[in-house]
Amino acid sequence: MPSTTHSIIVRGILCLITHFFTMNTKPTRILLSAGATQEALDDVRFLGNRSSGKLGALLAFAAARQGYDVTILYGLQTQVPTAHPRIT
């Protein structure tokens, strides 16, 4: 269950996205990235983070509920968004 803070953030971001795109034409597709990333330093070491991807998953689900087709790119061990027919 999403926390109240996440719900407020998601609603705020979707409001901004909707406002921005209704000025001209509203897009039908959104690309989101979420979760941990790793960037190779050399053959053995990498630089990375432990992001859970929770906010990205919430944004993807909320955007899909608003009617957007969402493509989400997520890293290993990232929270997968709730299933929705508009999320790939």
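# Strands, helices and a core in a predicted model

Trainee: Along strand 1 of this predicted model, which residues point to one face and are buried?

Mentor: In a regular strand the side chains alternate between the two faces of the sheet. Strand 1 follows this alternation, with Arg 29, Leu 31 and Ser 33 pointing to one face without being buried. The residues that point to the other face and are buried are Ile 30, Leu 32 and Ala 34.

Trainee: Which strand is joined to strand 1 by six bridges, and do the two run parallel or antiparallel?

Mentor: One of the residues to look at is Ala 34, whose bridge partner is Tyr 74 in strand 4. Six bridges join strand 1 to this strand, so the answer, taking the direction as well, is strand 4, running parallel.

Trainee: Where is Asp 69, and is this residue buried, exposed or partly exposed?

Mentor: Asp 69 has its place in strand 4, which covers residues 69–74. Its relative accessibility is 28%, and because buried means under 20% and exposed over 50%, Asp 69 counts as partly exposed.

Trainee: Leaving aside neighbours within four places in sequence, which residues is Asp 69 in contact with?

Mentor: It helps to begin with Thr 28, which is 41 residues from Asp 69 in sequence, while the two C-alpha atoms are 5.9 Å apart in space. With neighbours within four places left aside, the contacts of Asp 69 are Thr 28, Arg 29, Ile 30 and Arg 86.

Trainee: Which element gives the most to the largest nonpolar core?

Mentor: This core has 15 residues, and those touching the most other members are Val 10, Leu 32, Ala 60, Ala 63, Val 70, Ile 72 and Ile 87. Two or more residues come from each of helix 1, strand 1, helix 2 and strand 4. The element that gives the most, with six residues, is helix 2.

Trainee: Which residues of helix 2 are buried?

Mentor: Helix 2 has 12 residues and reaches 17 Å from its first C-alpha to its last, close to the 16 Å expected at 1.5 Å a residue. An α-helix has 3.6 residues a turn, so residues three or four places apart point the same way. The buried residues of helix 2 are Gly 56, Ala 57, Leu 58, Leu 59, Ala 60, Ala 62, Ala 63 and Ala 64.

Trainee: What is the relative accessible area of Leu 58?

Mentor: Leu 58 lies in helix 2, and its C-alpha atom is separated by 10.0 Å from that of Ala 34, a residue 24 places away along the chain. Val 10 is in contact with Leu 58, as well as with Leu 55, Leu 59 and Ala 62. Leu 58 counts as buried because its relative accessible area, which falls under 20%, is 18%.

Trainee: What pattern does the chain follow when read along the sequence?

Mentor: The chain has two helices and four strands, and Gly 67, with a positive phi near 105 degrees, follows helix 2. Read along the sequence, the pattern is α-β-β-β-α-β.

Trainee: Which element has the lowest mean pLDDT?

Mentor: Where pLDDT is low, the predicted coordinates should not be read in detail. For the chain, the mean pLDDT is 78, and 84% of the residues reach 70 or more. Among the elements, strand 3 (residues 46–48) has the highest mean, 87, and the lowest, 75, belongs to helix 1.

Note on methods
Residues numbered from 1 in each chain as written. Predicted model: local features only at pLDDT ≥ 70, side-chain atom pairs only at ≥ 80, totals over all residues. Heavy atoms only, no water. pLDDT = per-residue confidence, 0-100. Buried < 20%, exposed > 50% of the residue type's maximum accessible area, 1.4 Å probe, protein only. Contact = heavy atoms within 4.5 Å. Core = buried A, V, L, I, M, F, W, Y, C linked by side-chain atoms within 4.5 Å. Expected span 1.5 Å × (residues − 1).
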